[in-house]
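Please look through the model shown here before reading on. The paragraphs below then go from the whole chain to single residues.

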Amino acid sequence: MSDIETKEAVYVTDALIAEDIDAYLVSHEHKTMLRFITCGSVDDGKSTLIGRMLYDSKIIFEDQLDALSADSKKVGTQGQEIDFALLVDGLAAEREQGITIDVAYRFFNTEKRKFIVADCPGHEQYTRNMVTGASTADLAVILIDARKGVLVQTRRHSYLCHLIGIRNIVLAVNKMDLVDYDEAVFDAIVKEYTEFAASIGIESFTAMPISGFKGDNITTLSENTPWYKGTTLVEHLETVEVLSSVDADKPFRLPVQWVNRPNLDFRGFSGLVATGAVKAGDKIRVLPSGKTSTITRVVTYDGDLEEAVAGQSVTVCFEDEIDCSRGSVISVADNPPQTADQFEATFVWMADEAMIPGRAYWLKLGTQMVSATVQEPKYTVNVNTMERMAAKTLDLNAIGVAELTSDKQLVFEPYAENRMLGGFILIDKMTNATVAAGMINFSLRRSQNVHWQAIDIDRKQHSALKNQKPAVLWFTGLSGSGKSTIANMVEKKLHRMNRHTFLLDGDNVRHGLNKDLGFTEADRIENIRRVGEVAKLMTDGGLIVITAFISPFQADREMVRSMLPEGEFIEVFIDTPLKVAEARDVKGLYKKARSGELKNFTGIDSPYEAPRNPEVRIDTTVLSPEDAANLIVDTLLGDA
């Protein structure tokens, strides 16, 4: 062959390779994506199963395989054979203990579909991690050790999967090799699980006998189970319907993530299409404002689309300049979602600290963020018996139903209809830690029946009549710090200056408005919430409200601050050391608390969270009550 012929052959070969690569990339780009989880009890073989699928999918490189072989001999649990679980259990603690602690995500693909699998921990103490992995899944593979049958965690994870809305469930009876592939064992487990599944509302599931370690019925049907007539696990995963295809048939919903304004000539609204489809010319409604318009463009980085469907991230443009911002929801005009501020919801509590009824948490639902309080649970669910049990709170991993109130209207749909607009998380305002995952069941009728009544004389007119700016002077500090004394002096000074005031004192309020409350943490929170609402009403009337409450928790003081317009909440920290306050002990309360006669007393057996950045800090070891009162009045009037 001549040099010219050789070069031409090389060019042809390169062109064919390039075409093959392009064809592969195109086909790969258009594959559907299935997100699924593996869950079950400890040692059911979840990590091993995923490792086997990664291995059989031929996405493990030679150097990874060599490392896996070496690790299997060092820390593996399969003797001299490859321990596929080590491909997934990456944490040192996981390898040492042979358990999964955190959710491990892995990507792989076959000729027909792409997959993201979440390996969820089996230990009960890591149930909250399992909920995280299940929240975005289309399908759950629930593993059962053929030797052990249906266990407590099998029931717990099945209930959680159903609760979170996973409707495609595979019951994988694993380790069939350890029971000699006995069909009777498999049938008995399927029968027991069928009865349990029906009791919690699981209408259907796909059962299959497998061995993650040996590879039986994973990618090819096994000769060891000739009695099994179903499909392999991978074949089932390749053909099951994904969530996005179901969502595409629902009404259009797009939660706005951000307003796209690169220049003066372009204004669009970006987000992920949660359900339905949208195209230019569609009539839309923006919630919660209710304003309507028409879509003019559906824009992506690669150009305009004729139509966008569920699962696609796009920017949409409106025909009209209407109000729309992050947190708004764009929907089809004639079938919008609901708005409300009171709900019944199901919670999975994920924090070590128990839920405190009445405490304000941040609630994040899609792109919406509001302040919300949770009431005492209606009941909790015993996952083993499905019994509804009375409860005062929710502890770690507890599942319960409670009423929820938000400070603003939320755009929502029941979780059973729309995961994105029905599922939320609660965030602790102090630590920013996620404390719960929740699912809205429905809005309460009272949230629809109670509306704000329009009034002609508003807070601005009340303030103008009194010739003053309303405010709340919120005194906080230990019992005996001098709050009431200084607050009383402040009010007298303001009264002499013809200011319209009202003093709400902690002891006085408990004689009437809050006489039904005790001193537990929940009652203290409710005490402050009620006082905050009263103070807000008084500022609406144009008054300067002075409060004197221990109010020991930062989150509750911030709750009151959030009720008021910017600048109207002035936190006054009466900073008196515990030793000094206890030495005064005017009411003899510290003595009773020390002797055990008085429970839940702040500073003794109940904590006090000092303000981080109060507007006014009074050091009573330096300032006299008179000087302190003068400083507070000067601060108030200076701000006014």
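What follows begins with confidence and overall make-up, and then turns to the cores, a sheet, a helix and two buried polar residues.

This is a predicted model, in which local features need pLDDT of at least 70 and side-chain atom pairs count only at pLDDT 80 or more, whereas totals for chains, interfaces and linings use all residues. Residues are numbered from 1 along each chain as its sequence is written, and side-chain values use heavy atoms, with hydrogens and water left out.

The predictor's confidence in each residue is given as pLDDT, from 0 to 100; its mean over the protein chain is 84, and 84% of the residues reach 70 or more. Over residues 90-101, however, pLDDT stays under 50, and the model has 28 contacts beyond four places in sequence for this stretch, a contact being heavy atoms within 4.5 Å. Where pLDDT is low, the predicted coordinates should not be read in detail.

The protein chain has 19 helices and 29 strands, which are DSSP runs numbered from the N terminus (helices: H or I, at least four residues; strands: E, at least two). Among contacts with a separation of 6 or more, 72% are between residues 24 or more positions apart. Of the 640 residues, 49% count as buried, where buried means under 20% relative accessible area, exposed over 50% and partly exposed in between, with a 1.4 Å probe and protein chains only.

A nonpolar core is a set of buried Ala, Val, Leu, Ile, Met, Phe, Trp, Tyr and Cys residues joined through side-chain atoms within 4.5 Å. The largest such core has 43 residues, of which Ile37, Met130 and Tyr193 touch the most other members; helix 7 (residues 183-200) gives the largest share of this core, seven residues. Leaving aside neighbours within four places in sequence, Tyr193 is in contact with residues including Ile142, Val150, Leu171 and Phe205. A second, separate core of 31 residues includes Val329, Val370, Leu421 and Val435.

Further along the chain, an open sheet of five strands runs in the order 26-27-25-28-29 with parallel pairing, and two strands pair if DSSP finds at least two bridges between them. Strand 26 (501-505) and strand 29 (616-619) are the edge strands, each pairing on one side only. Strand 25 (residues 471-476) pairs with strand 28 (residues 569-575) in the parallel sense over five bridges, and Thr476 has Phe573 as its bridge partner in strand 28. Helix 16 (residues 554-563) packs on the sheet, touching strand 25 and strand 28, and its direction makes about 155 degrees with that of strand 28; the axes are lines fitted to C-alpha atoms, for helices over the stretch in contact, and angles run from 0 to 180 degrees between N-to-C directions.

The N-terminal end of helix 12 (residues 459-466) is capped by Asp458, with a side-chain oxygen 3.2 Å from the backbone nitrogen of Lys460, and just after this helix Asn467 takes a positive phi of about 55 degrees.

Ser222, in the loop between strand 6 (206-209) and helix 8 (233-239), is buried, with a relative accessible area of 12%. A polar contact of 2.5 Å joins its side chain to that of Asp216; such a contact is a pair of N or O atoms within 3.5 Å, and within protein one must be able to donate a hydrogen and the other to accept it, while residues adjacent in sequence count only if both atoms are side-chain atoms. Asp247, in helix 9 (residues 243-247), is buried, with a relative accessible area of 12%, and, not counting residues up to four places away in sequence, Asp247 touches Ala274, Thr275, Gly276 and Ala310.
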